[in-house]
Amino acid sequence: MLRFKKNDLCIEQVKLSDIAKQYGTSAYIYSKNQIIKNFEAYKKALGSKGGFICFACKTNSNGAILKLLAGIGAGADTTSGGEIYRCLKAGFNPSKIVYAGVGKTSEEIEYALKSKIFMFNIESFEELDAIDNIAGKMKVKAKISFRINPYVNPDTHSYIVTGRKGTKFGIPYEDAVKAYLTAKKKKNVAIVGIHSHIGSQILNIAPFKLAAQKIKKIVDAVEKNGIKLEYINCGGGLGIEYEEGQKVPDPSQLMLELFPVFDKDKKFIFEPGRSIIGNAGHMLIKILYRKISGGKSFLITDAGMNDLIRPTLYEAYHEIMPIKKTNAKKVKTNVVGPICESGDFMGKDRMLPMIEQGGHLLVTCTGAYGAAMSSEYNSRPLLPEVLVDGNKAVLIRKRASYKDLLLNEI
Ligand SMILES: Cc1ncc(COP(=O)(O)O)c(C=O)c1O
């Protein structure tokens, strides 16, 4: 929902230059209607199949965004007690909250049980013991699935592959049936399904299908042992178009391939994160200084790697564009931040017009794993977040202050 109106780049109907004036930079800006559109595509694809779409809230846990998604029927995929807390505060129905993660603490398990979440995606035999013990002490039954590592290696950055053999995630494929047989003997758990998540920013359906086919073999073997698996949780991972021309499958194409792998009576859970919020959010930044050094051109901006760590952590590409049309000459340039690290960049060797000092740029598609992964490194207060709906831009997180930096220090 980014488009130029005359000379101004707008998000929905609002000029980004107006947002810069009103809320300052750098700042994260989101399009409400893009979020809704992305979620509705999943909902429509799921259609009348039973199950639900759980937003992976690790990608963006701003309360206003969570509330928006809860309001249009999303469930939540969580990975910590803190995320469960945020989701409950935002109004998610606990019966639509699922909880994955290799390192759930006793306190987190107890909190999740107290909150009556829908299910735990268990990632080890010892975690199964822990959940069974805690549920027993609380005199409740924990609903569980096992996250199975299907040993499928999707083509994406190695840091965001989770389904490959040798990663820390899930129950090893060869132990999957044993996990279910072990759980069957536990008094305080109820088995409801099976889960796998193979990675993120995946741009073709083949690895999802291969994982589903491998999971189906486990489902058959488990069900032969009299254990019914009602829910198939296919995880998240669908990619988005970071670079123009990247071909991205849509949720309906994905589901069309996955549903026939399983029996007709199965219910499905999907846990999309990036493909719901990634292209709905952008980072608005200002050029502080320009310089040429060692034969290279630099635009030094007010956003650092603490605000957006993806370029340096994952060598991620985000398109960067001026928010005003200009005839200024394009120059190959590095867009960098103010932090004392050579890894502090938003983009390298980009052909960009030589905009004036004080001009603005938009780092696009930063809605997922952007604000959520930001930190106060270099004692830089966290950025404000703005949600745009049509011609209205509303602050949904205020800019943190210097005082906030000291908040919990004693
Ligand atoms: C268990 C699980 N589900 C869902 C997701 C969301 O993935 P994505 O943002 O690629 O859709 C993740 C991300 O790492 C995850 O670990």
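Where is Ser26 found? Select residues 16 to 31 to see the answer: Ser26 is in the loop between helix H1 (16–23) and strand E4 (27–31). Please keep in mind throughout that this is a predicted model.

**Stop 1: an unusual peptide bond**

Remain in this loop and display the backbone of Thr25 and Ser26. The peptide bond that joins them is cis, with omega at about -10°. Most peptide bonds are trans, and most residues other than glycine have a negative phi.

**Stop 2: two positive phi values**

The second half of that statement can be examined elsewhere. Select Asn378, which is found in the loop between strand E19 (360–363) and strand E20 (385–389). Asn378 is not a glycine, yet its phi is positive, near 70°. With a relative accessibility of 37%, Asn378 counts as partly exposed. Now add Ser379, whose place is also in the loop between E19 and E20. Ser379 is likewise not a glycine, and its phi is positive at about 50°.

**Stop 3: the sheet at the start of the chain**

Go to residues 2 to 15. An open sheet of 3 strands can be traced here in the order E1-E2-E3, and the pairing is antiparallel. Its edge strands are E1 and strand E3 (14–15), each of which pairs on one side only. Strand E2 (residues 8–11) is joined to E3 by 2 bridges, in the antiparallel sense. To see where these strands face each other, select Ile11 and Val14: Ile11 stands opposite Val14, which belongs to E3.

Next, display the side chains of Arg3, Lys5, Lys6 and Lys15, which form a positive surface patch. Of this group, consider Lys5, which is found in strand E1 (residues 2–5). Its relative accessibility is 38%, so Lys5 counts as partly exposed.

**Stop 4: strands with parallel pairing**

Which way do strand E5 (residues 51–56) and E6 pair? Their pairing is in the parallel sense, over 3 bridges. Within this pair, select Ala56, whose bridge partner in E6 is Asp77. Then display the side of E6 on which each residue lies: in this strand (residues 75–78), Gly75 and Asp77 point one way, whereas Ala76 and Thr78 point the other way, and all are buried.

Move on to strand E7 (residues 97–99), which runs parallel to E8 and is joined to it by 2 bridges. Here Val98 has Met119 as its bridge partner in E8. In strand E8 (residues 119–122), Met119 and Asn121 point one way and Phe120 and Ile122 the other way, and all are buried.

**Stop 5: buried residues outside the strands**

Select Ile65, which lies in helix H3 (residues 63–71). Its relative accessible area is 0%, so Ile65 is buried. For a distance across the model, add Leu352: the two residues are 287 residues apart along the chain, and their C-alpha atoms are separated by 32 Å.

Compare another pair. Pro249 has its place in the loop between strand E12 (231–233) and helix H9 (251–258), and it counts as buried because its relative accessibility is 11%. Pro249 and Asn204 are 45 residues apart along the chain, and 6.5 Å separates their C-alpha atoms.

**Stop 6: salt bridges**

Side chains of opposite charge can pair when their charged atoms come close. How many salt bridges does a search of the whole structure find? The search finds 14, and the tour ends with some of them.

Begin with Lys186 and Asp129, whose side chains meet in a salt bridge of 2.7 Å, N to O. Lys186 is in the loop between helix H7 (176–184) and strand E11 (189–195), while Asp129 is in helix H6 (residues 125–138), so the pair ties together parts 57 residues apart in sequence. Lys186 counts as partly exposed at 22% relative accessibility, and Asp129 counts as partly exposed at 32%.

Then select Lys209 and Glu257, which meet in a salt bridge of 3.0 Å, N to O. This pair links distant parts of the chain, with Lys209 in helix H8 (residues 206–224) and Glu257 in helix H9, 48 residues apart.

Finally, select Lys216, Asp220 and Asp263, which are linked in a network of salt bridges. In the salt bridge between Lys216 and Asp263, the closest N and O atoms are 3.8 Å apart. Lys216 lies in helix H8 and Asp263 in the loop between H9 and strand E13 (267–270), so this pair ties together parts 47 residues apart in sequence. Lys216 counts as buried at 17% relative accessibility, whereas Asp263 is partly exposed, with a relative accessible area of 38%.

Notes:
Residues are numbered from 1 along each chain as its sequence is written. This is a predicted model: local features need pLDDT of at least 70, side-chain atom pairs count only at pLDDT 80 or more; totals for chains, interfaces and linings use all residues. Side-chain values use heavy atoms; hydrogens and water are left out. Patches are made of residues with over 30% relative accessible area and no salt bridge: like charges are joined within 9 Å, nonpolar side chains (Val, Leu, Ile, Met, Phe, Trp, Tyr) within 5 Å. Accessible areas come from the Shrake-Rupley method with a 1.4 Å probe; for residues, only the protein chains shown count as cover. A salt bridge is a side-chain nitrogen of Lys or Arg within 4 Å of a carboxyl oxygen of Asp or Glu. Lys and Arg count as positive and Asp and Glu as negative; His and the chain ends are not counted. The place of a charge is taken as NZ of Lys, CZ of Arg, CG of Asp or CD of Glu. Helices (H or I, at least four residues) and strands (E, at least two) are DSSP runs, numbered from the N terminus. Buried means under 20% relative accessible area, exposed over 50%, partly exposed in between (1.4 Å probe, protein chains only). Two strands pair if DSSP finds at least two bridges between them.
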